[in-house]
Amino acid sequence: MASVELRHLWQLHEIDQQILEIRARAAALDPGKAIHNRILQLQKELEGEAGEAKRLNAELKDIELAQKAIDAKLKKIDNDLYGGKVVNPREVENLQKEIEILKKQRAGHDERILEIWERMPEAEALANKVNDELTLRKADLAAAQKAAVEQKQELETAFKQANAARPAAVQKVNPSLLAKYDAIRQKHQTGMAKITKKHTCSACGLSLATKVVEIAKEDKVVTCEQCHRILYYTEGLI
Ligand SMILES: [Zn+2]
């Protein structure tokens with residue numbers, strides 16, 4: 001069995017390991033960064049190629065308005081011509097020319113409308129595909145953010161518990177042993193390692209010299225030659 005002192009130090013070490021692990025997990029918390037990037041990419045696609053359907057629809061509305069304006073003009077000219085309002089041959093000729101121009105514009109618009117209709121199914125399919133994924137990703141992001149918040153709260157609770165337990169554990173450790181442990185911890189993050197059943201260091205895997213293991217068995221403080229952590233011997237339980 002390890003000495004009481006070393007056992008107390010091991011208890012402190014376990015608390016410190018917990019704190020390290022909590023910190024590492026907190027640092028690795030992901031509020032959906034990759035999903036967020038994908039959303040930005042999809043939104044960009046909607047402004048580009050995948051936004052064609054939207055642009056075509058807007059153009060269609062503009063053309064329809066222009067067509068209505070042309071129709072109104074044509075109707076007015078028609079009334080003027082056949083309502084007996086315009087009788088001057090020159091004026092009649094001018095109006096007929098205007099009718100020609102308006103009808104040409106109208107035909108041009110009709111042609112463009114057909115082009116848009118032809119193009120629309122493919123453009124809409126692409127827009128729908130991107131919008132559908134966007135909806136899914138937004139839901140994914142909300143879920144990821146919610147999970148991250150929950151995990152953060154759990155980690156904060158665990159951190160508080162470990163921190164609260166630490167002073168009592170520190171109290172039990174011999175001060176000079178504690179100083180040694182803290183010095184190792186500052187340099188190597190963790191201050192202790194176990195001696196495994198195969199007489200290796202549990203932290204760095206070094207095969208420990210028989211002499212080192214013997215010292216540890218005698219309940220004396222000995223460190224790993226490679227990683228410099230204080231070795232803990234528990235009759236090879238691990
Ligand atoms: Zn080691």
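Here are some exercises, with worked solutions, on the predicted model shown above.

**Exercise 1. Work out what span helix α5 should have, and compare that with the distance between its end C-alpha atoms.**

Step 1. Find the helix: α5 runs over residues 175-188, so you have 14 residues to work with.

Step 2. Use the rise of 1.5 Å a residue, remembering that the expected span is 1.5 Å times one less than the number of residues. For α5 that gives 20 Å.

Step 3. Now check the model: the end C-alpha atoms of α5 are 20 Å apart, which agrees with the expected span.

**Exercise 2. Sort out which residues of α5 are buried and which are exposed, and explain how they are arranged around the helix.**

Step 1. Start with the inside. Leu-177, Leu-178, Tyr-181 and Ile-184 are buried in α5.

Step 2. Ask where they point. These residues cover an arc of only 130° around the axis, so they sit on the same side of α5. Here's the handy background: an α-helix has 3.6 residues a turn, so residues three or four places apart point the same way.

Step 3. Look at the other side of α5, where you'll find Pro-175, Ser-176, Gln-186 and Lys-187 exposed.

Step 4. Find the cover. The buried residues of α5 are covered by parts that include α1 (4-27), α4 (89-171), β1 (192-194) and β2 (230-232).

**Exercise 3. Say what comes right after α5, and what is notable about its phi.**

Step 1. Step off the end of the helix and you meet Gln-189, which lies in the loop between α5 and β1.

Step 2. Check its backbone: phi of Gln-189 is positive, near 70°, and the residue is not a glycine. Compare that with the usual picture: most residues other than glycine have a negative phi.

Step 3. Is Gln-189 buried or exposed? Its relative accessibility is 55%, so Gln-189 counts as exposed.

Step 4. Try another case. His-199 has a positive phi too, near 60°, and its place is in the loop between β1 and α6. With a relative accessible area of 29%, His-199 is partly exposed.

**Exercise 4. Find the aromatic pair and describe its geometry.**

Step 1. Count: there is 1 aromatic pair. Trp-10 and Tyr-232 form it.

Step 2. Check the geometry. The ring centres are 4.6 Å apart and the planes make an angle of 10°. Planes under 30 degrees apart count as stacked, so this pair is stacked.

Step 3. Place the partners: Trp-10 belongs to helix α1 and Tyr-232 to strand β2, so the pair links distant parts of the chain, 222 residues apart. Both Trp-10 and Tyr-232 are buried.

**Exercise 5. Identify the protein donors of the zinc ion and decide what arrangement they make.**

Step 1. List the donors. Cys-201, Cys-204, Cys-224 and Cys-227 each give their SG atom, lying 2.3 Å from the zinc ion.

Step 2. Test the angles. The cut-off for tetrahedral is that all angles lie between 85 and 135 degrees. Around the zinc ion the 4 donor atoms subtend 102 to 116°, which makes the arrangement tetrahedral.

Step 3. Read the spacing in sequence: C-x2-C-x19-C-x2-C. Cys-204 is in the loop between β1 and α6 (210-217), while Cys-224 is in the loop between α6 and β2, 20 residues apart.

Step 4. Compare how open these two are. Cys-204 counts as partly exposed at 29% relative accessibility, whereas Cys-224 is buried at 1%.

Terms used:
Residues numbered from 1 in each chain as written. Predicted model: local features only at pLDDT ≥ 70, side-chain atom pairs only at ≥ 80, totals over all residues. Heavy atoms only, no water. Helix = DSSP H or I, 4+ residues; strand = E, 2+ residues; numbered from the N terminus. Buried < 20%, exposed > 50% of the residue type's maximum accessible area, 1.4 Å probe, protein only. Arc of directions from axis to C-beta. Contact = heavy atoms within 4.5 Å. Phe/Tyr/Trp six-rings, centres within 6.5 Å; stacked < 30°, edge-to-face > 60°. Donors = N, O, S within 2.8 Å, 3.2 Å for Na, K, Ca; no water. Tetrahedral: all angles 85-135°; square planar, octahedral: opposite > 155°, others 65-115°.
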